[in-house]
Amino acid sequence: MALQPTINDVARAAGVSKGLVSLALNDRPGVAPETRTRILEAANELGWRPNPSARGLTSRRAYALGLIVRRDPSIIEADPFFSAFIAGVETVLADRGQVLVLSVVPDVDSEVKAYTRLARDKRVDGFLLTDLLDDDHRIRLIERLGIHAVTLGEPNIDSTFPVVSRDYDRGIASLTDYLISLGHTRISHVSGDENMLHGRLRREQFVRSMESAGLHYQVVPTDFSPEQGAAATETLLDSAEPPTAIIYGNDPMAIAGMSVAHRRGLRLPDDLSVTGLDGSQIGSYVFPALTTLRNDPTEWGLAAAGSLLRLIEEGTADDVALPPAELVVRASTAPPARP
C-alpha cells in the first residue's frame, strides 16, 4: 500500500523548506504568490491531504462533528431519515477531511454524559442537534459547555445556535385539504413522539386543518416506530367509526399501517387511503406507492453540516430555511369507496 505523501515530500517536490510548505498549505502570510502556487501544485500532483490529527495538535480543533441520538436503535434502524441525513453530513465532511462522531444513547443521563465527555475531551468541534424537545435541556447544556451547535428545527426556547428548518405547516395543510377534496370526511392521524417538537407540531397542524374544515378526527400518538404505527392502525380500524384515510407521522409507520390493512383484506386505496410525511425513497416502491410530503433528508444533512462548519470556522452562521415540504401524490390515496 502506497504511503500518504507528507509535507516533507511536498517540500522536496517544490524545492522549498518544510516551514514554507506549512505556511502555504495553511493559507498563512509570509509566502510569495509564485512560491505558494508552486507549493500547491506540488501538493496536488503528489495527492497530499491534510492529516486531521496533526491539524488538531496545532489548531486545537478536533476536525469532527458530533451527533448524539437518544432513540431506541430499532427505531433508527427502521427510519430511513437518519441514514440519508448522515449521508448528507458525511458528504460535506469528506470533502474537508473531517469526520462524524455518532453516539446512540438510551436515556437522558447517558445523553448528558455523552455531550459532556465529547466536549470536554475536545473530541468534536460542535454538535448537530436533532429531535428537538419541548424546553430542550440540551441547548443550555451545550451553551454551558462552550461549544458550537446547529439545531434541526426552531427551538421553543431562546437559543444562540443557528437553525436549519423546513416549513411543514403548508405541506400538512395541503395534504389534509387534498384528502378532503377527494371526499374523505373521517381522517385520522397517527402522530409521532409528541415529546419531540416536530411530532407535536405536525399533529397541531393536522388538527387545525381538520377543525377549519369542521370535520371530526382521531389522533393516536406513538413513538415513531413501525411497531406502534401498526398497533395504532389496528386501534383505528377497530373503532366504531374507522377512518377512510390515515395520515402517519412518518413513512415507516405508514408502510406498517399499509401492511395491517392488507392483512385485514382492505383494498388500498379504495377502502383506506394512506399517507406518510417524510418523503422517503422506499415509499415509492411499496404497493400502492405512498403519498407523502417531499422532505429530502440528505439535503438536511448537507445544510446542517455546512452551517455548523461555517459557525466553527467563521464564528457566525445564518439560519438556513430549506424549501417547504411539498405534497407528493402517489397511488395510496383516492376517493373513498361508496358504502
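## Where β5 meets β11

Let's start at a strand pair in this predicted model. Strand β5, residues 163–166, runs parallel to β11, and 3 bridges hold the pairing. You can find the partners by eye: R166 stands opposite L322 in β11, and V164 stands opposite V320 of that strand.

On the β4 side, β5 has another parallel pairing, this one with 2 bridges. Here V164 appears again, standing opposite L152. So far, then, V164 has come up with V320 and with L152.

## The whole sheet

Now step back to see the sheet that these strands belong to. It is an open sheet of 6 strands with parallel pairing, and its order reads β2-β1-β3-β4-β5-β11. The edges are taken by β2 (99–105) and β11 (320–322); each has a single partner strand, so one side of each is left without a neighbour in the sheet. Neighbouring strands are turned against each other by 20° on average, with direction ignored.

## Helices that pack on the sheet

Two helices are worth finding next. Helix α7, residues 108–120, packs on the sheet and touches β1 (64–70), β2 and β3 (126–129). The direction of α7 makes about 175° with that of β1.

Helix α13, residues 297–314, also packs on the sheet. The strands touched by α13 are β1, β3, β4 (148–152), β5 and β11. Compared with the direction of β4, that of α13 makes an angle of about 155°.

## Aromatic pairs

Rings are easy landmarks for a newcomer, and the count here comes to 4 aromatic pairs. One of them joins F81 and F82 edge-to-face, with 5.8 Å from centre to centre and 90° between the planes. Both F81 and F82 are buried. Ring pairs also bring in F85, linking F81, F82 and F85 into a cluster.

Another pair takes us back to the sheet. Y115 and F127 are edge-to-face too, at 4.7 Å centre to centre and with 70° between the planes. This pair links distant parts of the chain: Y115 belongs to helix α7 and F127 to strand β3, 12 residues apart. Are these two rings buried or exposed? Y115 has 0% relative accessibility and therefore counts as buried, and F127, also at 0%, counts as buried as well.

## Arginines over rings

Two tyrosines have an arginine over the ring face. R61 lies over the face of Y63, 4.4 Å from the ring centre. In the other example, R202 lies over the face of Y168, at 4.2 Å from the ring centre.

## Two sides of helix α1

Turn next to helix α1, residues 7–14, where V10, A11 and A14 are buried. These three cover an arc of only 100° around the axis, which puts them on the same side of α1. A general feature of helices helps here: an α-helix has 3.6 residues a turn, so residues three or four places apart point the same way.

What covers the buried residues of α1? The cover includes α2 (18–25) and α3 (33–46). On the face turned away from the buried side, α1 carries the exposed residues R12 and A13. Just after the helix comes G15, which takes a positive phi of about 70°.

## T37 and a long span

Helix α3, part of the cover over α1, is also the place of T37. Because its relative accessible area is 40%, T37 is partly exposed. How far is the C-alpha atom of T37 from that of M258? The two atoms are separated by 60 Å, and the residues lie 221 apart along the chain.

## The chain as a whole

Finally, here is the overall picture. The protein chain has 13 helices and 12 strands. Along its principal axes, the C-alpha trace spans about 85 × 40 × 35 Å.

Of the 339 residues in the chain, 49% are buried. Contacts also reach along the sequence: among those between residues at least 6 apart, 68% join residues at least 24 apart.

Methods. Residues numbered from 1 in each chain as written. Predicted model: local features only at pLDDT ≥ 70, side-chain atom pairs only at ≥ 80, totals over all residues. Heavy atoms only, no water. Pairing = 2+ DSSP bridges. Helix = DSSP H or I, 4+ residues; strand = E, 2+ residues; numbered from the N terminus. Axes fitted to C-alpha atoms, helices over the stretch in contact; angles between N-to-C directions. Contact = heavy atoms within 4.5 Å. Phe/Tyr/Trp six-rings, centres within 6.5 Å; stacked < 30°, edge-to-face > 60°. Buried < 20%, exposed > 50% of the residue type's maximum accessible area, 1.4 Å probe, protein only. Lys NZ or Arg CZ within 6 Å of the ring centre and 35° of its normal. Arc of directions from axis to C-beta.
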